[in-house]
Amino acid sequence: MKSAVHALTRDELQQHLAAWGEPAFRTDQLLAWLYQHHVTSWDAMTNLPRALRARLAETFDLRVPARVTTRGAADATTKFLWRLADGALIESVLIPANPALYGEPSDRHTLCVSTQVGCAYGCRFCASGLDGWKRNLTPDEIVNQVLAVERWHAARAARAATEPSPSPAPERLITNLVIMGMGEPLANYDHLLKALRLLNAPWGGGIGARKITISTSGLAPQVRRLADEPEQFRLAISLHGATDPVRSRLMPVNRRYPLRELLAACEYYRTRKGRMLTFEYILIAGVNDSLADARALARLARPLGAKVNLIPYNRVEGLPWERPAEAVCETFLAELERDGVKATLRREKGGDIEAACGQLRLQTLSTDAGPAP
Ligand code: SAH
Ligand code: SF4
C-alpha cells in the first residue's frame, strides 16, 4: 500500500526526494501545494517537473475526504460531514471567533476535529459512542479535516470575489484546533501526535501548539504521557461528574481510572505544562447540576488552577437526558465563581447546528443507506 502523502513529515518526504536526486527546494514546493494551496491532484502541482509528478503519484497516495454535507450559515457554526476512502463517515465543526474558551487569546476560527470512527468509551450521554467503535483515523485523515475546510473556504472566497485573487495562496482560515469531535483522541495516541505535529509544523499546518486543545474522557496514563511530550498542547478533561458515583454513572471509563487517579495525572500535567488545563462539565438535569455538585467541582478545580467550561446538555435522540433550566445553569456557574473558580457557561441556542459532535453522522447513517460498502 502507498503511504498517504499527508501523513509524512518534511524530513520523511525529503528523504524520498533526495534518493531520487531531487534538490531540497522541490520538497518545499510539494509542501506548499499540500498545505497552502490544498490541491487534490498531482497534476495541479504545476511547478514540479512532469516526471517528478508521475513518480510522486506512483509512490504516494493523495487521498482527501469527500464532503457529504455542510450545515450552517456564513459566520456561524458550520458542520461538515466527510466520507473517507473506505466509506466511513466523520464530522468536523468550524466555530468562528470563539472568545477565549480554553484560556488562549481570542481567536478567529476554531476547527473541532474527529480522531476515530465511532467511539469505544460509551459515555451514556454521547451520540458518538452509540454506534460503537469502528476504527482509528490515520494521521492523514486527521490532517485532511483541516485542509479540506481550508479548501472549502478558499473555493467560497474565490466564488465571492469579483476579480480573480491576486494572491497566490489564500489566507488561512483556521487558527485554533480543538480535538473534540468523534472518538477518544488519547486512545489513538500515536496517530494523533503525528497529525498534530504535521498541523503544528511551520512548513505544514502552521497552527501553534498553544492553540491546540486535546479533549479526553480521562485516560490517566496517556495524560501523563502527553505531559512528557515537548509541545505545549492545551488539555481539556471531560469531567461531567465531581464525585466517583456521579461520574461512573455517566462515564464507564471512570471505573478504570477513578477521579483520584485522573486528578493525579492532571496535577502531573500542570507541573509539566503550567496552567493549560480545562474541565468540561456538561450540565444534565437532576444528574450533576445541584449546588453540592458545584461545590464538589470547585474543590477539584481550584487546586489545579483548572478553568471550568459548563455546557448545557444537547439532547440526543433516543437518550433520556435533559438539560437543566437556564436558571439552574446560572446558579451553578455563580456557585463556582463564588468558590474562586474561573468558569464559563456556554449560552447557545439549542438549534440543529449546535448539536453535539456525532449527531450529524448518526442521522446520516440512519437516513442514508449508510456508508458505501
Ligand atoms: N472523547 C473525547 C473528545 C470528544 S467528546 C472526550 O470525551 O473528551 C467532546 C466533548 O463533547 C466531551 O466533553 C463530551 O463529553 C461532550 N459531549 C458529548 N455528547 C454531548 C452532548 N450530548 N451534549 C453536550 N456535550 C456533549
Ligand atoms: Fe467517546 Fe468522548 Fe463521546 Fe465519551 S464523550 S463516548 S469518550 S466521544
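1. A word on terms to start: a residue counts as buried when its relative accessible area is under 20%, as exposed when it is over 50%, and as partly exposed in between. By that measure, 53% of the 373 residues of the protein chain count as buried. Please keep in mind as you read on that this is a predicted model.

2. Now for the overall build. The protein chain holds 12 helices and 14 strands. If we take the contacts between residues at least 6 apart in sequence, 67% of them join residues at least 24 apart.

3. Which residues have the most contacts inside the largest nonpolar core? They are Leu177, Phe279 and Val308, and the core itself has 104 residues. Leucine 177 is a good place to begin a look at the model. Setting aside residues up to four places away in sequence, leucine 177 touches Thr110, Leu111, Val113 and Val146, and also Leu196, Leu199, Ile207, Lys211, Ile212 and Thr213.

4. Next, the surroundings of ligand 2. Cys119, Tyr121, Gly122, Cys123, Phe125, Cys126 and Ser128 are around this ligand, together with Gly183, Glu184 and Ser217. Sorted by character, the residues of this shell come to five nonpolar, four polar and one charged. Glutamate is among the residues that count as charged, while Cys, Tyr and Phe count as nonpolar and Gly as polar.

5. Glycine 183, one of the residues around ligand 2, deserves a closer look. You will find glycine 183 in the loop between strand 9 (176-179) and helix 5 (189-200). Is glycine 183 buried or exposed? Its relative accessibility is 16%, so glycine 183 counts as buried. Apart from neighbours within four places in sequence, glycine 183 is in contact with Thr115, Gln116, Gly118, Cys119 and Ser128. Of these contacts, Cys119 and Ser128 are also listed around ligand 2. Serine 217, another residue around ligand 2, is 34 residues from glycine 183 along the chain, and their C-alpha atoms are separated by 9.8 Å.

6. On to empty space. How many cavities of 30 Å³ or more does a search of the whole structure find? The search finds three, and the largest cavity holds about 70 Å³ of space. Its lining is made up of Arg63, Val64, Pro65, Arg83, Leu84, Ala85, Asp140, Glu141 and Asn144. Four of these lining residues are nonpolar, one is polar and four are charged. Helix 4 (residues 139-160) gives the most to the lining, with three residues.

7. Two histidines may catch your eye in a backbone check. Histidine 38 has a positive phi of about 55° without being a glycine, and histidine 240 likewise has a positive phi, of about 65°. Histidine 38 sits in the loop between helix 2 (24-35) and helix 3 (50-59), whereas histidine 240 sits in the loop between strand 11 (234-238) and helix 7 (244-250). With a relative accessible area of 4%, histidine 38 is buried. Histidine 240 is buried as well, with a relative accessible area of 5%.

8. Valine 287 can be taken together with histidine 240. The two are 47 residues apart along the chain, and 9.7 Å separates their C-alpha atoms. Valine 287 belongs to the loop between strand 12 (277-283) and helix 10 (291-304). At 11% relative accessibility, valine 287 counts as buried. Not counting residues up to four places away in sequence, valine 287 touches Val246, Arg249, Leu250, Asp293 and Trp321.

9. For a contrast, try glutamate 171, which is in the loop between helix 4 and strand 9. Buried or exposed? Glutamate 171 is exposed, because its relative accessible area is 60%. Beyond its neighbours within four places in sequence, glutamate 171 is in contact with Arg108, Glu150 and His153. Glutamate 171 and glutamine 36 are 135 residues apart in sequence, while their C-alpha atoms are 8.6 Å apart in space.

10. One last loop residue is proline 49, placed between helix 2 and helix 3. Proline 49 counts as partly exposed, at 33% relative accessibility. Arginine 26 is 23 residues away from proline 49 along the chain, with 9.6 Å between the two C-alpha atoms.

Terms used:
Residues are numbered from 1 along each chain as its sequence is written. Chains are lettered from A and ligands numbered from 1 in the order in which they are written. This is a predicted model: local features need pLDDT of at least 70, side-chain atom pairs count only at pLDDT 80 or more; totals for chains, interfaces and linings use all residues. Side-chain values use heavy atoms; hydrogens and water are left out. A residue is near a molecule or strand if one of its heavy atoms lies within 4 Å of it. On a 1 Å grid over the protein atoms alone, a cavity is a set of points where a 1.4 Å probe fits but cannot get out, and a pocket is an open set with protein on both sides within 12 Å along at least five of seven lines; lining residues have an atom within 4 Å of a point. Grid points are joined across faces, edges and corners, and a volume is the space filled by probe spheres set on the points. Helices (H or I, at least four residues) and strands (E, at least two) are DSSP runs, numbered from the N terminus. A nonpolar core is a set of buried Ala, Val, Leu, Ile, Met, Phe, Trp, Tyr and Cys residues joined through side-chain atoms within 4.5 Å. Buried means under 20% relative accessible area, exposed over 50%, partly exposed in between (1.4 Å probe, protein chains only). Contact means heavy atoms within 4.5 Å.
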